[in-house]
Amino acid sequence: SIVGVSPFSVGWYIPGFSSAVSTNVSAVVTMDRAGNWDSFSLSAKTPVSTASLTLDVNKNATSIFNTIGRINILGGGTFNSTASIATKVFVKGDQFQVDIDTGGSVSELTLIGSAIG
């Protein structure tokens with residue numbers, strides 16, 4: 001038998017227009033297994049219109065990032081990634097949702113979370 005862990009990804013696609021007034025912009029993802037987050041990457045179809053756009057990932061309604069570690073895209077940019085995750089561990093049944101904390105307008109966001117479980 002093979003013993004160990006295997007990497008997997010969870011993705012959120014947020015179509016259309018989003019801005020700082022958009023909260024809980026993604027569907028809830030309920031984990032089907034336990035694991036540990038490794039990193040997140042965020043991309044946007046259009047450049048961010050202001051100084052930056054900051055997203056948060058919430059586990060059971062609580063952020064998994066420290067305040068300064070939340071993933072963001074600087075103004076005029078379309079991509080960023082982070083491995084600065086404060087709460088990496090999750091168990092089967094934990095619920096995750098994405099929201100926008102601060103920033104300007106942007107369209108079509110894709111957030112990919114890489115995990116090991």
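These are my notebook entries on what I looked up in this structure.

**Entry 1. Confidence**

I began with the confidence of the model, which is predicted. I found a mean pLDDT of 86 for the chain, with 87% of its residues at 70 or more. I then looked at the elements of the chain. Strand β1 (residues 7-18) has the lowest mean pLDDT among them, at 84, and strand β8 (residues 89-90) has the highest, at 97. I kept one caution in mind: where pLDDT is low, predicted coordinates should not be read in detail.

**Entry 2. Aromatic pairs**

I searched the whole structure for aromatic pairs and obtained six. I took up W37 and F90 from this search. Their ring centres are 5.0 Å apart and their planes meet at 45 degrees; I therefore recorded the pair as tilted, since that angle falls between the limits of 30 and 60 degrees. I next asked where the two residues lie. W37 belongs to strand β3 (residues 35-44) and F90 to strand β8, so the pair ties together parts that are 53 residues apart in sequence. I noted that W37 and F90 are both buried.

I followed F90 to a second partner, F96. The ring centres of F90 and F96 are 5.8 Å apart, and because their planes stand at 85 degrees, over the limit of 60, I entered this pair as edge-to-face. I also checked accessibility here. F90 has a relative accessible area of 1%, so I list F90 as buried. F96 likewise counts as buried, at 1% relative accessibility.

I then asked which residues form the aromatic cluster. F8, W37, F40, F65, F90 and F96 make up one cluster. At F8 I also recorded a charged neighbour: R33 lies over the face of the F8 ring, at 4.0 Å from the ring centre.

**Entry 3. N58**

I turned to N58, which I located in strand β4 (residues 52-59). Is N58 buried or exposed? I found a relative accessible area of 10%, which is under the 20% limit, so N58 is buried. I traced the side chain of N58 to the backbone nitrogen of S63, which it reaches at 3.3 Å.

**Entry 4. T102**

My last residue was T102, in strand β9 (residues 95-103). Its relative accessibility is 40%; T102 therefore counts as partly exposed, as this value lies between 20% and 50%. I also looked up its separation from L55. The two residues are 47 apart along the chain, and the distance between their C-alpha atoms is 7.4 Å.

How values were computed:
Residues numbered from 1 in each chain as written. Predicted model: local features only at pLDDT ≥ 70, side-chain atom pairs only at ≥ 80, totals over all residues. Heavy atoms only, no water. Helix = DSSP H or I, 4+ residues; strand = E, 2+ residues; numbered from the N terminus. Buried < 20%, exposed > 50% of the residue type's maximum accessible area, 1.4 Å probe, protein only. pLDDT = per-residue confidence, 0-100. Phe/Tyr/Trp six-rings, centres within 6.5 Å; stacked < 30°, edge-to-face > 60°. Lys NZ or Arg CZ within 6 Å of the ring centre and 35° of its normal. Polar contact = N/O pair within 3.5 Å; in protein donor to acceptor, adjacent residues only side chain to side chain.
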